[in-house]
Amino acid sequence: MEAFTYDPVLKIKDSVDVYMSTGEPHVCTIQFYHINTRQKLSIRVDPTFSEVLSALDGVKPLSKHLADFGFELDLDELKSILEYLIVNGVLEYPSSTDPDSRYSRQINFLSDWIFGLPADKAHQRIVDSHCVVFGVGAVGASIVINLARAGVSNFTLVDNKTLTQQSSERHPYFSINEIGEPKVHALRRYIEKINSDVSVKCIQEKLLPLTVLSSLVDSATVVINTADEPYIGHTSVKLGRYLWAKNIPLYVAGGFDAHLMSTGDFFIPGESICVDCCSNFFSVALADWKPSYKVHKTNPTKTHVIGGSGGTYSMSLFSASYACVQLLNYIAGGEAYKSKLSQRGEFMIGKSEVEWVEISAKEGCDVCRK
Amino acid sequence: MSVENKVFRLRSCIAIVHLGQIVEFFDSNLRVGFSIEQSYPEIIGLLHRFDGSLTVSSISALYPEILIHELCALALFLQEKYVLIEVNEPYSQSDVDSRPRLINTLESYFHSTSEVKKAISQGSKASVLIIGLGAVGSWVLHCLIKAGVQNITVMDDDVVEASNLHRQDLFFEADVGKPKATTARDSIRHSYGIEIKAICKKMESVEDLGSLPNTQNLIINCADFPSVDKTSRLVSDFCLKYKTPHIIGGGYNLHLTLIGQVVIPGLTACFHCFDQVLTPTNAADLFGVKKLNRKTRKIGSIGPVCGVSASITATEAIKVIFGAPLQFLAVVNKRVEFNLSNFDFGAFTVSRNTVCKYCSNDTI
């Protein structure tokens with residue numbers, strides 16, 4: 001056998017299923033199925049290649065496998081097939097990361113989800129990011145917790161409220177020992193237990209029309225708005241206009257009253273529509289929808305109206321998790337988040353399916369066009 | 001009690017729009033609605049009179065132009081459509097103070113406050129078993145606790161590993177190396193003062209389930225070892241025997257984006273009804289094809305995808321636990337799948353096989 005100049009150690013990715021046709025005599029069709037992203041790739045090769053492929057275990061070098069089989073194969077051809085499968089994410093060099101290390105499963109996942117960037121680099125983008133979050137209620141806090149678990153290590157949290165007994169229903173970092181504490185600090189303590197390397201800046205303030213944004217958001221990788229007081233539409237327009245000019249993305253999360261399980265709106269300068277077009281779209285779409293609600297004022301001191309807004313924490317978790325799928329894909333350098341830009345989905349609680357609305361820009365909008 | 005003497009309340013989450021001859025009703029909690037033809041110009045003002053304290057007859061006295069039996073018929077119709085709720089028992093002040101959102105959520109599923117009260121009381125005490133505290137199980141547990149479910153048993157024989165922290169709820173850096181079940185129990189006790197039961201054991205046989213407390217109201221399978229198929233079969237066998245509602249969870253290793261079905265034995269498609277449909281489909285796909293066998297695969301995973309799965313699973317579980325009528329369950333006779341390349345959802349539906357040898361009424 002000739003001397004090996006190409007002798008890699010390779011393995012089939014754990015996340016790829018391999019199906020081999022056994023029907024034809026001199027050719028084997030092999031289908032690779034990425035189980036996480038459900039993408040398929042088929043190749044037609046000589047049946048001996050399928051045996052080599054089956055043997056790739058991430059331990060022995062290629063030459064050793066070939067010697068075991070005693071095959072004479074065209075090495076150049078073999079090399080081109082193997083390299084094709086590496087580029088297409090079917091084969092990989094065994095990872096040097098310890099499989100039990102803290103983020104190994106996530107890095108493994110990113111290798112299927114983010115293309116054009118090595119998975120450890122994609123993960124590092126998550127770690128290095130700075131997320132500024134307005135509002136740390138049920139949805140905002142769940143986003144922060146999910147991102148902190150994923151490794152995001154810089155946060156700025158903005159919220160002026162304190163935890164109450166009622167926070168037990170929907171705040172994931174609630175603890176009976178933290179009642180009366182400012183929400184931002186209780187959440188900071190919670191995520192410090194998740195990741196002791198996290199750095200959290202707490203701003204115990206309400207976002208108001210006159211709030212100066214520069215010191216809060218200028219170093220953000222992404223800003224996330226979940227503050228529903230004052231009205232989320234108003235705070236989002238203020239944030240969205242400022243951030244667009246600074247080329248910083250804004251994610252306005254769903255999951256608030258009347259939209260208990262909705263997806264969020266992602267405003268990315270140069271990619272999505274702008275916040276004003278989104279706001280305008282809904283004012284036009286809902287121009288004839290002027291609903292009246294009856295608020296029964298049985299106890300004016302209570303913040304909640306009986307018979308009014310419902311929502312269990314499990315529903316808030318939907319909007320938060322969906323937001324984090326989009327945010328992590330974006331932060332890590334992926335492409336998939338683009339598929340739902342400028343669309344809002346409402347998860348129908350009674351049907352378990354999502355109804356999407358396509359949000360279009362105002363004709364001739366100067367902001368979106370830039 | 002005659003309808004005239006009943007008290008109704010227009011639910012505050014109902015949006016009403018009156019345009020010409022049409023009145024539209026929209027439940028902003030469930031986001032479902034309907035419309036009726038109605039030309040009475042004061043209809044909204046009239047409906048607002050249903051404030052939870054006036055009887056139908058006392059409202060009728062304010063509107064002499066409306067016949068009492070017409071008003072009764074309207075009230076009954078809107079009660080049937082979940083717009084009005086009959087106020088026949090007051091909520092306890094402690095429930096109003098501590099779980100207003102649960103009350104409001106449940107009002108979409110019931111016709112009277114007494115039914116909602118009963119649902120809260122039964123749901124809070126319901127016995128629930130969660131098998132497996134991975135990325136889905138840990139979040140489902142947390143969701144149920146926050147909904148006020150108190151009588152929960154969790155079963156898992158694993159210890160917390162550093163590589164779990166990126167996607168599993170309730171576990172922290174300081175917990176690495178500790179058993180998951182007792183760690184989750186301690187975490188819930190610390191935050192909520194609620195005592196759940198922890199079993200540090202693997203589910204290996206139907207007998208393992210029979211020997212546990214709390215198996216009567218709902219069992220949620222979030223365990224994937226040795227395989228989802230194996231654990232789901234065990235849970236199915238046990239639950240069909242005792243007619244216990246159960247959920248074949250999702251979000252596991254190899255099935256990250258799948259959200260499994262709720263099974264109400266005798267009423268909805270069971271694990272085997274699905275299996276009977278899926279197996280021939282798989283066999284047809286695989287004709288003349290062999291699947292390469294692979295050992296010990298550690299598939300990648302990411303927290304929020306499991307969170308999506310846990311959210312839908314727990315939202316369904318809460319409906320089952322608090323006794324929402326069957327028509328409100330959304331993952332029965334159906335599996336939901338989340339697509340990670342276009343971020344959309346799809347579903348695979350399977351009708352109940354009425355002659356299924358595992359779940360037909362003759363068998364169970």
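Visitor: What separation do you get between the centres of domain 1 and domain 2 of chain A?

Guide: Taken over C-alpha atoms, the two centres lie 45 Å apart. Domain 1 covers 9–92 and domain 2 covers 129–369; such bounds come from an automatic or database domain assignment. A word on the ground rules: this is a predicted model, in which local features need pLDDT of at least 70 and side-chain atom pairs count only at pLDDT 80 or more, while totals for chains, interfaces and linings use all residues. Residues are numbered from 1 along each chain as its sequence is written, and chains are lettered from A and ligands numbered from 1 in the order in which they are written.

Visitor: What else describes chain A as a whole, say its helices and strands?

Guide: Chain A has 12 helices and 14 strands, both being DSSP runs numbered from the N terminus (helices are H or I, at least four residues; strands are E, at least two). Along the principal axes, its C-alpha atoms fill a box of roughly 85 × 50 × 40 Å. Of its 370 residues, 45% count as buried.

Visitor: Why is Tyr82(B) called buried or exposed?

Guide: A residue is buried if 20 or more other C-beta atoms lie within 10 Å of its own, exposed if 12 or fewer, and partly exposed in between, with C-beta atoms placed from the backbone. Tyr82(B) has 20 such atoms within 10 Å, so it is buried. The residue is found in the loop between α3 (68–80) and β6 (84–86) of chain B.

Visitor: And what makes Ser96(A) buried or exposed?

Guide: Ser96(A) has 6 other C-beta atoms within 10 Å, therefore it is exposed. It lies in the loop between β6 (91–92) and α4 (104–113) of chain A. Lys201(A), in strand β9 (residues 199–203) of chain A, has 14 C-beta neighbours inside 10 Å, so it counts as partly exposed.

Visitor: What is notable about the phi of Tyr82(B)?

Guide: Its phi is positive, about 65°, although Tyr82(B) is not a glycine. Most residues other than glycine have a negative phi, and most peptide bonds are trans. Ala258(A) also has a positive phi, near 75°, and sits in the loop between β11 (250–252) and β12 (265–267) of chain A. With 17 C-beta neighbours inside 10 Å, Ala258(A) is called partly exposed.

Visitor: How do you know what kind of peptide bond joins Phe225(B) and Pro226(B)?

Guide: Look at omega: it is about 0°, and the bond is cis. Pro226(B) belongs to the loop between β10 (218–221) and α10 (228–242) of chain B.

Visitor: How many residues of chain B are in contact with chain A?

Guide: 86 residues of chain B touch 86 residues of chain A, where contact means that the C-beta atoms, placed from the backbone, lie within 7 Å. Helix α12 (residues 303–321) of chain B gives the most to that side of chain B, with 11 residues. By class, the side has 44 nonpolar, 25 polar and 17 charged residues. Here Ala, Val, Leu, Ile, Met, Phe, Trp, Tyr, Cys and Pro are nonpolar, Asp, Glu, Lys and Arg charged, and the others, Gly among them, polar.

Visitor: Why do you say that β2 of chain A and β14 of chain B pair?

Guide: Two strands pair if DSSP finds at least two bridges between them. Strands β2 (residues 16–21) of chain A and β14 (residues 289–291) of chain B have 3 bridges, in the antiparallel sense, so they meet the definition. Within β14(B), Lys290(B) is the bridge partner of Met20(A).

Technical notes. Contact = placed C-beta atoms within 7 Å.
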